[in-house]
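Me: I am new to this structure and would like a close look at one part of it. Could you pick a strand, walk me through its surroundings, and then show me a few other places worth finding?

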Amino acid sequence: MATKLSLKEQVEILPAKPGCYLFFNTYNQVLYVGKAKNLRSRVSSYFNKVYNYKTTRLVQEITRLETIITKTEKEALILEHNLIKQYKPKYNILLNDDKHYPYIVITKEQDPQYLYVRNVHNKYARCYGPFPEGSHAREIIKVLERLYPLRRCKGNLGKPCLYYHINQCSGACFKTVPKEYYTAMIKKVHAFFKGNFNETKELLEKRMLQAADNLQFEEAQKLKLLLRNLDWTLSSQTVEMLNQDDDLDVISLYQTDHNLLLTTLFYRAGKLSYKDYEYYQVTMEDNYQELYRLYLQNIYQKNILPTKIIVNETIALPELNLLFDNRVFHPQTKAEKTIMRLATDNSYESYLQLQSTAQRQLNSVEVLQELQKVLHLNELPYLIEMIDIANINDEFVTGGVIVYKNGRPSRNDYRKYNLNIAEQDDAHRIAAVVARRYQKIIETEQPLPNLIIMDGGIQQVNACCNELAKLNLTIPVIGLVKNNQHKTDHLLNLAKEKLYLDKSSRLFLFLTRMQDDVHHFAISSFRRRQTKALTTSILEAVPGLGPQRIKTLNLHFDSIGAMQKATSDELYQVLHNWKLVQTLRNFLENFGK
């Protein structure tokens, strides 16, 4: 019978070939994924050198390793990226958050339409972007729909749609639209994104004045807001250093002993359209070349490659050009060098702002280290989940789970659970949330938390622990208890003993912030359910409104108040029946009187 090889023996027999390596802990969780030109040399270096604190901790947790051989280094680069995305190892912190920038696209159909998307595919005929968050990209689509209409309805309806009547649809709803029409419209849209803004603004201003002359003040106000938003967006594109045909991204680097800032300037049609930056805490031993490469992989995994990518002069080009089709260059022309200096200046300014902010904020790593020490945890609680239950009079019971990664909220991972169970006590409700939450994590092979915090005392902690035991999970669970004034009072530690913290300490403030966060998340979810139920109950009194239409109204409007503020056109877009719209408006006007 073959004996199990020790970790040292596993390393010694590794091949001297390119590929990827995966480190596992005792719970068979992937701790780290890396790539190498020579697997034996790279993996053995982890155990033969003195590293920084982070790497030392990693090595201490490794119990076994696996390797995947590839033919080339390029294949190893791509495989490494995919494995990190798949397993989300805790020591590969860089790629935890996807970079999905917004784009405006025109679909590749017989009757094309505009779309606002974050994932760009070859199926689109034209793509424009990326756009920054808050850039009013959706407002730009509204401008295009008004001035250069494409198909806006489903098409082939047999009759003109509402949008056609207001000149915002090509007419594909009831007729065959000539291909030449779409070609002309798309040509104008392309000219707009190439920098010809004046024609578009003049058309908007003309329509705004016409609407005002016709006493269509609501439409005139909408056009005025569109003009204002368009001015804001276009004013941010004033840096003109390049030819109109140039699409390039410039990625600068600013590094100190403990900080790394990467700033990207996105140039489209020769104009600066967007700035983005990322900040990382590093040590001198960290490989900034690798961090830079992973940052680029993260961006272009989800976004369109520009014609050219300009990188910092200290960054090696061979690996990057393997990945990005030989589009990566150091700055060469005077304009490119000027832009790189601009990007580097932006990185430095971001660093100064972060330093100023850091002095007023908690140091997440140190707080987690304090929490680990106070609770005598075996590892740093880099992944924490907190659970709360919200309800009033046992109605619309809602469970909320918030997730903190490396001491910071990961809002995309927050989850709410609508609880419709017969038992009306906290223990059963918590058990239901825990069962649904962690059964799902097990099934989808997602990372389990290092620590669970219950918003409550012994009853809530016991309910959670009992349910985890049924799932054969061993996760530390503590409670965060409030006093009679509903303020955070003390911890219930792993031994279920009361633990009082200094109320001025960073750890206490961190836990209080988490407790407020989970409470607000759970209660807001509860209130949305309550509002929807109340709205449904009220709308049942409207003649002609059945359950399906009430459900559709609830999907489009948050409350009765939102429906009261809606225009007839907006209500028609939901109900598709003018008589029913008028009936609903009459009801809403008299509601509450």
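Reply: Happy to help; what follows is a walk around one strand, and then some further stops. Please keep in mind that this is a predicted model.

Let's begin with strand S4, which covers residues 103–107. Is S4 buried or exposed? Of its 5 residues, 5 are buried, so S4 is largely enclosed by the rest of the structure. You can follow its side chains in two directions: Tyr103, Val105 and Thr107 point one way, while Ile104 and Ile106 point the other way. Residues on both sides of S4 are buried.

Which strands pair with S4? One is strand S5, residues 114–117, which is antiparallel to S4 and joined to it over 4 bridges. These two strands make a hairpin, with 6 residues between them. Another is strand S6, residues 124–128, also antiparallel to S4 and linked by 4 bridges. Ile104 is a good residue to click on here: its bridge partner in S5 is Tyr116, and in S6 its bridge partner is Tyr128.

From S5 we can step to a pocket. S5 is among the elements that give two or more residues to the lining of the second largest pocket, together with helices including H5 (137–147), H8 (198–213) and H9 (217–235). The volume of this pocket is about 1200 Å³. Its lining has 40 residues, and those closest to the pocket centre are Arg146, Arg152, Ile166, Gln168 and Glu219. Which element gives the most to this lining? That is H5, with 7 residues. By type, the lining divides into 16 nonpolar, 11 polar and 13 charged residues.

For another enclosed strand, go to S18, residues 488–492. There, too, 5 of 5 residues are buried, and the strand is mostly covered. S18 pairs with strand S17 (residues 477–482) in the antiparallel sense, over 4 bridges, and Lys482 stands opposite Thr488. The hairpin of S17 and S18 has 5 residues between the strands, and in it His486 takes a positive phi near 65°. S18 is also joined by 2 bridges to strand S19 (residues 498–499), again running antiparallel. Here Leu491 stands opposite Leu499. The hairpin of S18 and S19 has 5 residues between its strands as well, and Lys496 takes a positive phi near 60° in it.

Now for the rings. A search of the whole structure finds 14 aromatic pairs. One of them is Phe23 with Tyr32, a stacked pair with 6.4 Å centre to centre and 25° between the planes. Both Phe23 and Tyr32 are buried. Another stacked pair is Tyr572 with Trp578, at 4.3 Å centre to centre and 10° between the planes. Tyr572 has a relative accessible area of 16%, so it counts as buried, while Trp578, at 43%, is partly exposed. Phe23 and Tyr32 also belong to one aromatic cluster with Tyr21, Tyr46 and Phe47.

Finally, look for charges placed over rings. Arg64 lies over the face of Phe24, 3.8 Å from the ring centre. The charged end of Lys308 sits over the ring of Phe329, at 5.2 Å from its centre.

Key. Residues are numbered from 1 along each chain as its sequence is written. This is a predicted model: local features need pLDDT of at least 70, side-chain atom pairs count only at pLDDT 80 or more; totals for chains, interfaces and linings use all residues. Side-chain values use heavy atoms; hydrogens and water are left out. Rings of Phe, Tyr and Trp (its six-membered ring) pair if their centres lie within 6.5 Å; planes under 30 degrees apart count as stacked, over 60 as edge-to-face and the rest as tilted. Buried means under 20% relative accessible area, exposed over 50%, partly exposed in between (1.4 Å probe, protein chains only). A charge sits over a ring if NZ of Lys or CZ of Arg is within 6 Å of the ring centre and within 35 degrees of the ring normal. Two strands pair if DSSP finds at least two bridges between them. On a 1 Å grid over the protein atoms alone, a cavity is a set of points where a 1.4 Å probe fits but cannot get out, and a pocket is an open set with protein on both sides within 12 Å along at least five of seven lines; lining residues have an atom within 4 Å of a point. Grid points are joined across faces, edges and corners, and a volume is the space filled by probe spheres set on the points. Ala, Val, Leu, Ile, Met, Phe, Trp, Tyr, Cys and Pro count as nonpolar, Asp, Glu, Lys and Arg as charged, and the others, Gly among them, as polar.
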